[in-house]
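This report looks at strand pairing and at charged side-chain contacts. The sequence and the structure are shown first.

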Amino acid sequence: ASVEYEGGRLCEVGSVRKINFVKGLFGFLFVKEKLVEVDEEKLYVKLHVIEGGFLGLLFQDYNLTFQFSEGSVKWTVEYKALTEHKFPDEVKESVCNTIKAVEAFLLANKNEYGSCA
């Protein structure tokens, strides 16, 4: 897996990141997300998925919101589903795995991505 940034600073509203996955590990090869809200004091981030991921597979449109606290992450998904089916458990598992993959990448590259400052 790898993470690429396009436009803007790492934690700047409007910046875009692309997370590439190994051989479609989650049923897709990548997800491209735009940072739409960030509050560094409250440790809150909201992303809008603009390409890849579950876009077009399960969802017409979706946003991911992460609220970080010591030792935990609360995340929510706002979405327009393509079908009337219940939110699948594999999506929940996929998001958790994505968070872990991004965390591992950022920890391994903390000199480059260590801070939003």
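The text below turns to the strands and then to the salt bridges.

The model discussed here is a predicted one. Strand β4, covering residues 44-52, runs antiparallel to strand β5, covering residues 59-69, and 5 bridges join the two. One residue pair illustrates the register, since Val 45 has Phe 66 in β5 as its bridge partner. The two strands form a hairpin with 6 residues between them, and in that turn Gly 53 adopts a positive phi of about 60°.

On the next pairing, β5 is joined by 10 bridges to strand β6, residues 72-81, and this pair also runs antiparallel. Here Gln 67 is found opposite Lys 74 in β6. The β5 and β6 hairpin has 2 residues between its strands, and Gly 71 in the turn carries a positive phi of about 80°.

Side chains of opposite charge can pair when their charged atoms come close. In this model the count comes to 4 salt bridges, and the table gives three of them, with the N to O distance for each pair.

| Acidic residue | Basic residue | N to O distance |
|---|---|---|
| Glu 33 | Arg 17 | 2.6 Å |
| Glu 51 | Lys 32 | 3.6 Å |
| Glu 78 | Lys 46 | 3.3 Å |

Consider the salt bridge between Glu 33 and Arg 17. This pair links distant parts of the chain, with Glu 33 in strand β3 (residues 30-39) and Arg 17 in strand β2 (residues 16-20), 16 residues apart. Both Glu 33 and Arg 17 are buried.

The salt bridge of Glu 51 with Lys 32 likewise links distant parts of the chain, as Glu 51 belongs to strand β4 and Lys 32 to strand β3, 19 residues apart. Glu 51 counts as partly exposed because its relative accessibility is 36%, whereas Lys 32, at 14%, falls under the 20% limit and therefore counts as buried.

In the salt bridge between Glu 78 and Lys 46, Glu 78 lies in strand β6 and Lys 46 in strand β4, so that the pair ties together parts 32 residues apart in sequence. Glu 78 has a relative accessibility of 40% and so counts as partly exposed, while Lys 46, with 15%, counts as buried because buried means under 20%. Finally, Glu 6, Lys 32 and Glu 51 are joined into one network by salt bridges that share partners.

Key: Residues numbered from 1 in each chain as written. Predicted model: local features only at pLDDT ≥ 70, side-chain atom pairs only at ≥ 80, totals over all residues. Heavy atoms only, no water. Pairing = 2+ DSSP bridges. Helix = DSSP H or I, 4+ residues; strand = E, 2+ residues; numbered from the N terminus. Salt bridge = Lys/Arg side-chain N within 4 Å of Asp/Glu carboxyl O. Buried < 20%, exposed > 50% of the residue type's maximum accessible area, 1.4 Å probe, protein only.
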